[in-house]
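Visitor: Before I rely on any label attached to this model, I would like to hear the reasoning behind it. Could you take me through it step by step?

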Amino acid sequence: MKKKDLDTLKKILEEEKKRIFHHLQEISETSVADLETPSGDSVDLASLEINQNSLAKIGKREQNHLKKIDAALKKMDDGTFGECESCGEQIAFARLMARPVAQLCIDCKTEQENEERKYSDRAGDSDNEGFPEEGEEL
Ligand SMILES: [Zn+2]
């Protein structure tokens, strides 16, 4: 993946993370962290950790999403971001733009969804525009 594309996706992930942090601050008595320095520079969100007590206050959905964001950011550091976890192919950039935390390429994802449809009829816990969560623990 081109570095420029990677940077774009990283920004999106960091914005997502920031949004969750802001929500956390809204519902939490304690300030989680100053997200911006006075000079306007963003803190290193990728390495920012939320303590578990605060984390318990946000919904499971956001916690899961945050985990995925962290996992994606870690992959960026490792240089494995954008690789399908099933077949190892590069995930299409357009798909990553729509869903930067995607772990599977569209082919594997489609296959997984077909399998899930065959073996289960989970309903009600999908939070991604109607897509079932990838690798979500029930
Ligand atoms: Zn794949």
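Guide: What follows is a set of questions about the labels and the reasoning that supports them.

Visitor: What is the overall make-up of the chain, and how confident is the predictor in it?

Guide: This is a predicted model, and its chain has five helices and zero strands, so that the pattern along the sequence reads α-α-α-α-α. The chain averages a pLDDT of 79, and 67% of the residues score at least 70. Among the elements, helix H2 (residues 52-55) has the lowest mean pLDDT, 68, whereas helix H4 (residues 93-98) has the highest, 96. Over residues 34-38 the pLDDT is below 50, and this stretch has five contacts in the model beyond near neighbours in sequence. Residues 124-132 also stay under 50, with nine contacts beyond four places in sequence.

Visitor: Why is Lys 17 called buried or exposed?

Guide: Lys 17 lies in helix H1, and the label follows from a count of neighbours. The cut-off for a buried residue is 20 or more other C-beta atoms within 10 Å; Lys 17 has 21, and therefore Lys 17 is buried. In space, the C-alpha atoms of Lys 17 and Ile 69 are separated by 7.0 Å, although these residues are 52 apart along the chain.

Visitor: What makes Ile 12 fall into its exposure class?

Guide: Ile 12 also has its place in helix H1. A residue is exposed at 12 or fewer neighbours and buried at 20 or more; because Ile 12 has 17 other C-beta atoms within 10 Å, Ile 12 lies between these limits and is partly exposed. Its C-alpha atom is separated by 10.0 Å from that of Ala 98, 86 residues apart along the chain.

Visitor: Which residues of H1 are buried, and how does the span of this helix compare with what is expected?

Guide: In H1, the buried residues are Leu 9, Leu 13, Lys 17, Phe 21 and Leu 24. The helix has 25 residues and reaches 36 Å from its first C-alpha to its last, close to the 36 Å expected at 1.5 Å a residue.

Visitor: How do you know that the length of H3 agrees with that of a helix?

Guide: The expected span is 1.5 Å times one less than the number of residues. For the 19 residues of H3 this gives 27 Å, and the end C-alpha atoms are 27 Å apart, so the two values agree. Just after H3, Gly 79 takes a positive phi of about 80°.

Visitor: Why are the buried residues of H3 said to lie on the same side?

Guide: The buried residues of H3 are His 65, Lys 68, Ile 69, Ala 72 and Leu 73. They cover an arc of only 135° around the axis, and therefore they are on the same side of H3. These buried residues pack against H1, while on the other side of H3, Lys 60, Lys 67, Lys 74, Asp 77 and Asp 78 are exposed.

Visitor: What makes up the largest nonpolar core, and which helices supply it?

Guide: The largest nonpolar core has 12 residues in all, including Leu 9, Leu 13, Ile 69, Phe 81, Val 101 and Ala 102. Helix H1 (3-27) and helix H3 (60-78) each supply at least two of its residues, and the largest share, three residues, comes from H3. In soluble globular proteins, nonpolar side chains tend to be buried together. Within this model, Val 101 is in contact with Lys 68, Ile 69 and Ala 72, leaving aside its neighbours within four places in sequence.

Visitor: How do you know whether Ala 102 is buried or exposed?

Guide: Ala 102 is found in the loop between H4 and H5. With a cut-off of 20, its 22 C-beta neighbours inside 10 Å are enough, and so Ala 102 counts as buried. Beyond four places in sequence, Ala 102 touches Ile 91, Arg 95 and Leu 96, and its C-alpha lies 8.3 Å from that of Ile 91, 11 residues apart in sequence.

Visitor: What makes you call H5 hardly covered?

Guide: The count of buried residues among the 14 residues of H5 is one. The length of helix H5 (residues 106-119) agrees with expectation, because its end C-alpha atoms are 20 Å apart and the span should be 20 Å.

Terms used. Residues numbered from 1 in each chain as written. Helix = DSSP H or I, 4+ residues; strand = E, 2+ residues; numbered from the N terminus. pLDDT = per-residue confidence, 0-100. Contact = placed C-beta atoms within 7 Å. Core = buried A, V, L, I, M, F, W, Y, C linked by C-beta atoms within 7 Å. Arc of directions from axis to C-beta.
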